[in-house]
Amino acid sequence: MAEPAPGGQADVVVVGAGPAGAATARRLALAGWRVVLVEGSRFQAPRVGESLAPAVQPLLQALGVWHGFTALATAPSWGTRSRWGTDEEQTHSHLQSAWGCGWHVDRLAFDRLLADAAVSAGARRLDGCTVQACTPGPRGWQLRLLGPGASEGCPGAGGVLQARLLIDATGRQARLARRLGARRLLFDPLVGVAAHWAPAAWGPGPGQAAAAQQVVLVETAPEGWWYSAPLPGGCSGAGMVAMLFTDADLCGRAGLAEARHWQARLEDAPATRQRLAGHTLRWGPRACSAASHRLWRPPGSAAWLAVGDAALAVDPISGSGVVRALRGAAAAAAAALECLPVPGSARALESMAAYEAALDQDCGRYLQERAAYYALERRWQAHPFWQRRAQAAQALAQSP
């Protein structure tokens, strides 16, 4: 376990304390390096709920946080119901997995669990901080932090951190990497427009058994596709989360971030509409980016890497968000451990190149899988959202 980094000194600074950043920080701290985890929030605002696939269990066990996870307010997820490519509902049961079920979780509580686990491993966490400036220097990197957590976390250092290695875990925006000259190669303009509904839907709904409610529901419509899932009690409160995924320009043109327009579109999604019947809108709708991208880093970049959505962001239809984040954290930590002894060495450069090559391969597989999945839906081909996916699939098939 690492000793807490003193004052403004660290071996590694991880920017962003979401699942990928927190898991990476924990792994590096457990390996004995001095880690600082910089987080822009103070974990005070509700976050959209999450449905975790069964495969997350061994990843949380390997990270050493499974016991803490079981203490959270969670609910079992028994599988997925979908109306994709056909009017007939398809089902996939998690009972077929080795772990028996997935989990519906309060995302704020889950993120806080992982961030606290990084601290328990020896990382120092600075909440309420953003990176104001980042420059390379003779001893690695110098970061100037802004926010209340900067003075709290760097006493006597004026909010300045010195680090040998930087890790960008700032999510889809990849804010730190872009400041260092990287670019996002965008694959689509997808946004998710989310709303939280109350009361909790644990009892049977109209014509539905309770177990049927404890599943993810996915349903296509002319303007995109809908996702809904129950939320357990916790930091964000119980209820149901429902999201419409569409393209940013289509969302703006139709005003889908306004409650009246968002709710009107439920007429095109009968299964989702039925599921929300009797519920009351608690907050939302709120739009946020769900765009896919691969991060391009300029040749000869200094000692930094990106992890999670900052490195490769995928369409939520993959259903692999947290699982992908935790796997990515393990790969990023392994690459960082190769770099840290001498960040500018040939060994470090080879490790970084191997890490990026693995991400490129993962990106290629993802694009093929995404194209195949969207191709299953042929009922809405006259609508822009689906036309764009068909054109992207055609371009991918024709690429060398």
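Colleague: Is arginine 273 buried, partly exposed or exposed?

Modeller: This is a predicted model, so the label is computed from predicted coordinates. A residue counts as partly exposed when its relative accessible area lies between 20% and 50%. Arginine 273 has a relative accessible area of 33%, so it is partly exposed.

Colleague: Which residue forms a salt bridge with arginine 273?

Modeller: Its partner is glutamate 267, and the closest N and O atoms of the pair are 4.0 Å apart. Glutamate 267 has a relative accessibility of 55%. The cut-off for exposed is over 50%, so glutamate 267 counts as exposed.

Colleague: How many salt bridges does the structure hold?

Modeller: There are 24. Another of them links the side chains of arginine 260 and glutamate 258, with an N to O distance of 3.6 Å. Arginine 260 is exposed, at 60% relative accessible area, while glutamate 258 is partly exposed, at 39%.

Colleague: What does a salt bridge look like when one partner is aspartate 127?

Modeller: Aspartate 127 lies in strand 8, residues 124–127. Its side chain meets that of arginine 125 in a salt bridge of 2.9 Å, N to O. The two side chains are also joined by a polar contact of 2.9 Å. To read the burial, use the cut-off of under 20% for buried. Aspartate 127 has 14%, so it is buried. Arginine 125 has 22% and is therefore partly exposed.

Colleague: How far apart are aspartate 127 and valine 56 in sequence and in space?

Modeller: These are separate readings. Along the sequence, aspartate 127 and valine 56 are 71 residues apart. In space, their C-alpha atoms are 26 Å apart.

Colleague: Which residues are linked in a network of salt bridges?

Modeller: The network links Asp247, Asp249, Arg253, Arg388 and Arg389. Keep Arg389 in mind for the cavity below.

Colleague: What is the nearest side chain of opposite charge to arginine 172?

Modeller: That is aspartate 309, at 4.0 Å, and arginine 172 is buried yet has no salt bridge. To find arginine 172, look in the loop between strand 12 (165–168) and helix 6 (175–179). A polar atom of the arginine 172 side chain lies 3.0 Å from the backbone oxygen of valine 314.

Colleague: What is the phi of alanine 174, in that loop between strand 12 and helix 6?

Modeller: Start with the usual case. Most residues other than glycine have a negative phi. Alanine 174 has a positive phi of about 45° although it is not a glycine. Its relative accessible area is 0%, so it is buried.

Phenylalanine 43 also has a positive phi, near 55°. This residue lies in the loop between strand 2 (35–39) and strand 3 (50–52). At 3% relative accessible area, phenylalanine 43 is buried.

Colleague: Is the peptide bond from glycine 284 to proline 285 cis or trans?

Modeller: Again the usual case comes before the exception. Most peptide bonds are trans. The bond from glycine 284 to proline 285 is cis, with omega near 0°. Proline 285 is in strand 18, residues 280–289.

Colleague: Now to empty space. How many cavities of 30 Å³ or more does the structure hold?

Modeller: The count is one. A cavity is a space from which the probe cannot get out, whereas a pocket is open. The largest cavity has about 50 Å³ of space. Its lining is made up of Arg370, Ala371, Tyr374, Arg389, Ala392 and Ala393. Helix 12 and helix 13 (384–398) are the elements that each give two or more residues to this lining. By class, the lining has four nonpolar, no polar and two charged residues. Arg389 also belongs to the salt-bridge network.

Colleague: How much space lies in the second largest pocket?

Modeller: About 320 Å³. The pocket is lined by 16 residues, and the closest to its centre are Arg297, Ser301, Ala302, Ala303 and Leu349. Two elements, strand 10 (140–146) and helix 12 (346–375), give two or more residues to the lining.

Colleague: Which element gives the most to that lining, and what classes of residue does the lining hold?

Modeller: Helix 12 gives the most, with four residues. The classes are nine nonpolar, four polar and three charged residues.

Terms used. Residues are numbered from 1 along each chain as its sequence is written. This is a predicted model: local features need pLDDT of at least 70, side-chain atom pairs count only at pLDDT 80 or more; totals for chains, interfaces and linings use all residues. Side-chain values use heavy atoms; hydrogens and water are left out. On a 1 Å grid over the protein atoms alone, a cavity is a set of points where a 1.4 Å probe fits but cannot get out, and a pocket is an open set with protein on both sides within 12 Å along at least five of seven lines; lining residues have an atom within 4 Å of a point. Grid points are joined across faces, edges and corners, and a volume is the space filled by probe spheres set on the points. Ala, Val, Leu, Ile, Met, Phe, Trp, Tyr, Cys and Pro count as nonpolar, Asp, Glu, Lys and Arg as charged, and the others, Gly among them, as polar. Buried means under 20% relative accessible area, exposed over 50%, partly exposed in between (1.4 Å probe, protein chains only). Lys and Arg count as positive and Asp and Glu as negative; His and the chain ends are not counted. A polar contact is a pair of N or O atoms within 3.5 Å; within protein, one must be able to donate a hydrogen and the other to accept it, and residues adjacent in sequence count only if both atoms are side-chain atoms.
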